[in-house]
Amino acid sequence: MSIGNDNVRSRLKTMKKDYLAAKAAVEASGFGFSYNLQTKCIDADHVAWEEYCKAHPTARPLRKKMFPHFEEACIVFGSDVATGKGQSLDTMMRK
């Protein structure tokens, strides 16, 4: 199998998008979400998920999704979010 820089960039972009969505759900106040280390999923009751999905319709797929590398993503991505200032991911990957 041959994996090039574009493959790595694409996968990293997807992983960061998934991480940020999961992090936002876990940090949302008033919903009672938590990351379950055993199941590698976000835990919350049915009512909390329904309320969260009303406020964040794009989060619906998170409900049944596993995040097996959530802890590692916390270290790699931290709370960094692109603001449009500074270096792009492509620039950093080239260095």
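Phe31 is partly exposed in this predicted model. Its relative accessibility is 22%. Because the buried class ends at 20% relative accessible area, Phe31 falls outside that class. Tyr52, by contrast, is buried, with a relative accessible area of 4%.

The search for aromatic pairs covered the whole structure and returned eight. One joins Phe31 and Tyr52. Their ring centres lie 5.0 Å apart, and the ring planes meet at 85 degrees. An angle over 60 degrees counts as edge-to-face, so the pair of Phe31 and Tyr52 is assigned to that class. Phe31 sits in the loop between α1 and β1. Tyr52 belongs to helix α2, residues 46-55. The pair therefore ties together parts that are 21 residues apart in sequence.

Aromatic residues also form a cluster. Its members are Tyr19, Tyr35, Phe70 and Phe77. Phe70 and Phe77 are also among the buried residues of helix α3, which spans residues 70-77. Ala73 completes that buried set. Viewed down the axis of α3, the buried residues occupy an arc of 50 degrees, so they line one face of the helix. An α-helix has 3.6 residues a turn, so residues three or four places apart point the same way.

The buried residues of α3 pack against two elements: α1, residues 5-27, and β1, residues 34-36. Just after α3 comes Gly78. Gly78 adopts a positive phi of about 55 degrees.

Methods. Residues numbered from 1 in each chain as written. Predicted model: local features only at pLDDT ≥ 70, side-chain atom pairs only at ≥ 80, totals over all residues. Heavy atoms only, no water. Buried < 20%, exposed > 50% of the residue type's maximum accessible area, 1.4 Å probe, protein only. Helix = DSSP H or I, 4+ residues; strand = E, 2+ residues; numbered from the N terminus. Arc of directions from axis to C-beta. Contact = heavy atoms within 4.5 Å. Phe/Tyr/Trp six-rings, centres within 6.5 Å; stacked < 30°, edge-to-face > 60°.
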